[in-house]
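Work through the exercises below with the sequence and the 3D structure side by side. Try each task before you read its solution.

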Amino acid sequence: MNEYKRMRSLVEISRIVTQSDNFYEVKDQIINNMLAVVHPTKACVNLFYNNDYNYAHLVCSSTLNYIPKIFPQNEEYGAKIDFSVYPDYIHEAVEEKKVVIVDDIFKNEKAKGEENLAINEGYIGRAIFPFIINDKVIGFMTCYLSDQEKLKPEDIDFITQVASMMSLSISITEKNDGINKLIGKLRQSITNINKASKRLFSTQDIFYYLQKMANVVADTTDSKFSMVNIYNIGENGGPMGQKFTCANDQNAINSLAARMPIILKDHRIYDYGKTDGEVLVDGKSYTNRIFYKVIIDSKSMLVILAVGDKVYTEDDFNIIGALAKQIATSVKSYDYSEKLEENKAINDELVVLKHQQKLIMDNNSMKKFADRDLFYFMKPAKVVGGDFYHSMLVDDRVIFILADVMGHGIVANYMVALIKGAFEVLVRKVPNPKEIITKLNKNLYNEFDNMGAYATVVVGAINKNTNKLELANAGHYQPIIFDNDNKYVEIDTDAKGIPIGIINNEQYSQIEIDFSKDKCKAMCMFTDGIIEMKNQEHEEFGHERLVEFLSDNIDSDEKTIKKRLDKLIKHFSVDDDKKDDILLAFIK
């Protein structure tokens with residue numbers, strides 16, 4: 001019978017582990033399932049973070065009484081405890097990666113000094129089961145035994161199996177944390193690139209831009225040094241001379257430049273691993289490197305190199321590849337803008353593109369839905385951007401999209417047209433906003449990749465029968481919502497994915513909001529042009545000022561809101577020849 005209970009418990013613990021990607025959410029369930037079928041009535045878990053054996057983090061102690069009082073919670077998941085205070089037999093279990101059982105700590109020399117703790121907690125023996133992943137101890141589980149409790153060999157086998165499953169759960173959690181950190185890094189890097197790209201377009205300072213990009217590459221890949229180079233391409237298709245070069249640290253520029261001839265001769269577009277020779281900076285040697293090459297156009301090539309102490313992985317390759325494509329696109333736009341200055345005749349083409357952009361948003365966009373008004377305000381930039389809004393009625397729902405394509409001119413206008421076309425097809429075929437964004441990304445990924453572009457997107461659907469708003473977000477600013485008291489209703493900023501066009505087959509999520517009139521008076525979606533416009537003191541208008549303006553004016557009609565927005569922009573911004581569109585869309 002006991003064997004049957006142990007088997008059932010193992011099956012249940014296995015189910016818990018495989019259905020969760022967060023050890024901290026299921027640790028107590030696992031312990032409780034284990035203790036239900038073995039003699040110990042108390043157990044706890046300690047973990048070592050980042051291979052640091054100086055501290056043992058007590059993360060699971062719900063079955064204990066006295067120990068949590070002397071080691072109270074001092075971090076998110078428990079207590080950080082100096083490992084040196086633990087008795088010798090626990091050090092032995094960790095160092096030798098083995099199960100250690102002390103039947104009576106009052107008679108064991110290795111438990112000396114533990115007597116008072118045992119009396120207060122009510123145990124006489126302890127069993128230590130280390131957690132091992134890839135031959136490294138990442139923590140241990142302790143079972144506390146009273147004088148009536150003894151572990152049989154079958155109990156030890158059972159607890160050892162539970163410890164193995166807990167190790168698996170911890171491993172899954174670490175990998176999931178790694179993915180979340182990777183996406184977070186990528187999102188922040190893309191935001192930094194976008195801001196630097198806008199400054200590049202505004203100031204035409206290519207050296208400042210490349211310097212910023214070298215910093216972004218180093219920060220995102222956790223590299224010590226990085227270099228961004230642009231080479232001219234000769235008639236034979238190979239590099240024939242350096243056009244621009246920047247590094248995140250000027251002390252390293254010569255050492256990094258010395259590696260470039262080898263990289264240029266390498267037939268591979270990218271590689272990561274050991275260098276072909278050491279990179280020496282300030283007397284220290286670095287032997288790990290990653291590089292990525294991108295053809296910008298028929299006349300120029302981008303080469304990114306990063307070096308450091310870390311061992312580069314496929315994640316670093318994916319990151320640096322995404323960054324390289326965005327940098328190449330910005331440099332291409334920079335070259336294009338220079339040509340614009342040389343040839344003013346292109347203005348005729350831009351006028352046509354602006355007209356097309358307005359037609360794309362005006363055609364078929366709804367003006368009214370379930371006693372709510374839908375309208376948008378657009379202040380176009382001097383050069384056509386990629387801001388876009390559209391709404392459609394599908395059965396009992398209005399489905400809307402607001403997007404911001406990185407870049408300007410023909411490429412942005414082309415991608416806007418593709419997004420609108422795909423959106424109009426998908427709204428009738430897929431059930432909700434998260435699926436619309438997921439399909440948009442999947443269906444248009446190759447186009448974005450070929451163009452070296454990406455887009456931030458918000459897609460929402462309001463059901464007039466249920467008054468529920470479903471909202472999915474791909475790297476965009478969350479809409480601003482006001483309740484009936486004109487109070488700002490904040491939406492979780494973490495409830496969004498990365499922009500479309502960055503990672504193929506990315507899965508997006510959505511949130512649900514009660515959009516009934518007694519809960520939500522109005523909603524405003526916007527692109528970054530409004531909050532990034534600057535005054536004479538070079539202060540950005542910012543999100544807080546936008547919320548304040550909307551709160552003061554949201555009760556006004558469409559005509560008044562547009563008039564006051566236009567006045568606000570003229571009063572605040574000193575940039576008459578704006579380099580970015582300003583787009584706000586309202587549902588009120």
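**Exercise 1.** Does Lys98 count as buried, partly exposed or exposed, and what is its relative accessibility?

*Solution.* Keep in mind that this is a predicted model. The relative accessibility of Lys98 is 32%, and since buried means under 20% and exposed means over 50%, Lys98 counts as partly exposed. The next step is to look at its partner: the side chains of Glu92 and Lys98 meet in a salt bridge, with 3.0 Å from N to O, and Glu92 is buried, with a relative accessible area of 16%.

**Exercise 2.** Find the salt bridge between Glu114 and Arg126, and explain which parts of the chain the pair ties together.

*Solution.* Begin with the contact itself, in which the closest N and O atoms of Glu114 and Arg126 are 2.6 Å apart. Glu114 lies in the loop between β4 and α5, whereas Arg126 belongs to strand β5, so the pair ties together parts that are 12 residues apart in sequence. Finally, check the surroundings: both Glu114 and Arg126 are buried.

**Exercise 3.** Describe how strand β21 (residues 522-526) is enclosed, and identify the strands that pair with β21.

*Solution.* First, five of the five residues of β21 are buried, so the strand is largely enclosed by the rest of the structure. Second, Ala522, Cys524 and Phe526 point one way, while Met523 and Met525 point the other way; in a regular strand the side chains alternate between the two faces of the sheet. Third, β21 runs antiparallel to β18, joined by three bridges, with Met523 as the bridge partner of Ile481. Four bridges pair β21 with β22, again in the antiparallel sense, and here Phe526 stands opposite Leu584.

Methods. Residues are numbered from 1 along each chain as its sequence is written. This is a predicted model: local features need pLDDT of at least 70, side-chain atom pairs count only at pLDDT 80 or more; totals for chains, interfaces and linings use all residues. Side-chain values use heavy atoms; hydrogens and water are left out. Buried means under 20% relative accessible area, exposed over 50%, partly exposed in between (1.4 Å probe, protein chains only). Helices (H or I, at least four residues) and strands (E, at least two) are DSSP runs, numbered from the N terminus. Two strands pair if DSSP finds at least two bridges between them. A salt bridge is a side-chain nitrogen of Lys or Arg within 4 Å of a carboxyl oxygen of Asp or Glu.
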